Amino acid sequence: MSDLTSLLRNALNDPATGWSLGAFGAIAEFIRDPDEPATLRDDGPELEARTARGGLRLRPTPAIRAVPYRTRSGSLAVALCLPRHVGAMNRRGVVTELGPDREAIAEADRDALLFDLGLGVFQTDVCVRSSDPATIARLRAVAGTELLAPGNPLPPDLPALSPDRVFIGPFGRIEVSQPIPPPDGRSPEGPHTHVLPKLLAHNRTHAATVPIPDGWVPSLYLSPPAESFAAWEGLGAEVLPPP
């Protein structure tokens with residue numbers, strides 16, 4: 001556990017490391033520029049990094065298994081996994097108001113309201129957060145409905161509303177404050193999210209090209225620079241090629 005926490009701490013302090021949290025078809029990414037102002041916090045069991053564009057919080061647990069691997073393109077990645085029986089989140093199936101986001105990374109966001117989008121993702125609660133009355137009213141108007149059901153009026157309005165996205169896993173969260181691009185637009189540089197209904201329909205915890213051991217689910221990914229990858233190999237996990 002101490003080795004894992006040390007590696008996570010070093011990775012969080014390194015702006016060259018990228019992070020992602022989610023499942024096949026719904027993912028949040030936290031990336032920061034080398035010269036971008038960032039607030040870092042190392043408070044015992046919690047590690048945090050926050051910029052004006054987004055944030056990441058980690059609460060390492062001894063149950064985590066690190067699986068380093070190489071992608072088909074040759075890039076390096078580490079999946080932080082939990083046993084399937086402890087890696088599940090709430091898997092809500094409809095838009096649900098959860099109340100104030102008391103766990104928000106920034107204190108200023110802790111009175112804003114959190115809504116689970118009800119995507120039913122196994123290991124991630126895919127949420128949005130807002131303190132804007134008009135946005136809250138739009139979200140409340142579809143509470144209890146399936147977001148991706150035909151005719152749901154909310155999805156076309158989400159780019160204009162652009163609430164914060166909050167992806168919550170068993171031992172971490174990623175928050176994204178940048179605008180949501182329109183359907184024909186491009187994701188902004190830095191922190192962003194992807195929600196792809198066609199991929200979500202496969203109901204997979206991860207892509208088939210990611211070598212997750214049987215009985216485990218990936219809860220968080222990081223993409224370390226090459227010079228630090230050997231340290232992840234040193235945790236004892238074999239570097240597995242994609243199938």
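## Finding your way around the sheet

In this predicted model, a hairpin of three residues links strand 4 to strand 5.

**Exercise 1.** Work out how strand 5 is tied to the strands beside it.

*Solution.* Start with strand 4: four bridges join strand 4 to strand 5, and the two run antiparallel. For a landmark, take glutamate 48, whose bridge partner in strand 5 is arginine 57. Now turn to strand 12 (residues 172-176), which is joined to strand 5 by five bridges, again antiparallel. Here leucine 56 has isoleucine 174 in strand 12 as its bridge partner.

**Exercise 2.** Decide how enclosed strand 5 is.

*Solution.* Begin with the side chains: Gly54, Leu56 and Leu58 point one way, while Gly55 and Arg57 point the other way. Next, check burial, where the cut-off is under 20% relative accessible area. Five of the five residues pass as buried, so strand 5 is largely enclosed by the rest of the structure.

**Exercise 3.** Place the strands in the whole sheet and find its edges.

*Solution.* Write down the order first: 3-4-5-12-11-10-9-8, an open sheet of eight strands with antiparallel pairing. The edges are strand 3 (39-43) and strand 8 (96-100), since each pairs on one side only. From one strand to the next, the twist averages 15 degrees.

**Exercise 4.** Find which strands helix 1 and helix 2 touch.

*Solution.* Helix 1 (residues 2-13) packs on the sheet against strands 3, 4 and 5, and its direction makes about 10 degrees with that of strand 4. Helix 2 (residues 133-141) also packs on the sheet, touching strands 8, 9 and 10, at about 30 degrees to the direction of strand 9.

Technical notes. Residues numbered from 1 in each chain as written. Predicted model: local features only at pLDDT ≥ 70, side-chain atom pairs only at ≥ 80, totals over all residues. Heavy atoms only, no water. Pairing = 2+ DSSP bridges. Axes fitted to C-alpha atoms, helices over the stretch in contact; angles between N-to-C directions. Contact = heavy atoms within 4.5 Å. Buried < 20%, exposed > 50% of the residue type's maximum accessible area, 1.4 Å probe, protein only.
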